[in-house]
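Please look over the model shown here, with attention to its confidence, its nonpolar cores and one acidic residue.

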Amino acid sequence: MRRYEVVHLLSNGDIDDFTRIAPAHRAFEDSFGALARGALLKTDRGMVAVEDILPGDQVKTVTNDFQTVHWRGAMTLVPNAAGQDPRMGKLTRFSADSLGIGRPMPDLLLGPSARLYHRSPTLQRVTGHAAAFVPASDFIDGVNIVEVQPQTPVQVFQLGFTNHERIVANGVEVDSHNPGARHELGLRGEMLDLYMGLFPHMQRIEDFGMLMHPRLSMHDLDFGIVA
């Protein structure tokens, strides 16, 4: 089991928050574990660290200008916790300029479920899609992009909007929360009800809408990184 922290926007514009113990299931963890503390996003009040962004804030998206944050989720990664998925104790650090000038700037620390927006001619040839969201860990090169195992617990976050969005953290494009299709989530019955209880701004799994771009793995598809 794992503790999940939720802050969400009510229909009257107020903010509510709660903490809930729920399964340490991949579908649950993937919805909370994208951005480590300190990741900077552009808002209508300037650059703000993810931990200081609240529902109701306006965050700049890549394709839809400023959008209202409706939900912010957080959980704490505990290194070497007994019985947990090993990836849940690891982060990915992108050194400044490791993906190009200002990408990121400064260094960016991402959680185990972070996905980067990625374009590749090979990707289009193999899948027919011009771009995809790719796990941050797929970019690890052992030099400028490295796996980090923190020595102490680390809080990680994710943001939810009305729709799936591309947002920019420290100059790097990542995706916002969206669980994907019901069959990909792999939850049914009581487990699905538990999951949906963490997203009070949504009534049904279909309310999250479609993904902007597919979520794919470089390793599964064997396509190379193209700048």
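The report below takes these topics in turn.

## Basis and confidence

This is a predicted model, in which local features need pLDDT of at least 70 and side-chain atom pairs count only at pLDDT 80 or more, while totals for chains, interfaces and linings use all residues. Residues are numbered from 1 along each chain as its sequence is written, and side-chain values use heavy atoms, with hydrogens and water left out.

The average pLDDT (the predictor's confidence in each residue, from 0 to 100) is 94, and 96% of the residues score at least 70. Over residues 223-227, however, pLDDT stays under 50, and for this stretch the model has 16 contacts (heavy atoms within 4.5 Å) beyond four places in sequence.

## Nonpolar cores

The largest nonpolar core (buried Ala, Val, Leu, Ile, Met, Phe, Trp, Tyr and Cys residues joined through side-chain atoms within 4.5 Å; buried means under 20% relative accessible area with a 1.4 Å probe, protein chains only) has 28 residues, and L110 and F139 are among those with the most contacts inside it. Two or more residues each come from β10 (108-110), β14, β15 and β16 (172-175), strands being DSSP runs of E of at least two residues, numbered from the N terminus.

A second, separate core of 26 residues includes W71, M88, V154 and L198.

## The surroundings of E165

E165 lies in the loop between β14 (154-160) and β15 (166-169). E165 is buried yet has no salt bridge, that is, no side-chain nitrogen of Lys or Arg within 4 Å of a carboxyl oxygen of Asp or Glu; the nearest side chain of opposite charge, R166, is 8.2 Å away, with Lys and Arg counted as positive, Asp and Glu as negative, and His and the chain ends not counted.

Leaving aside residues up to four places away in sequence, E165 touches residues including T61, N64, D175 and M212.

Methods. Helix = DSSP H or I, 4+ residues; strand = E, 2+ residues; numbered from the N terminus. Buried < 20%, exposed > 50% of the residue type's maximum accessible area, 1.4 Å probe, protein only.
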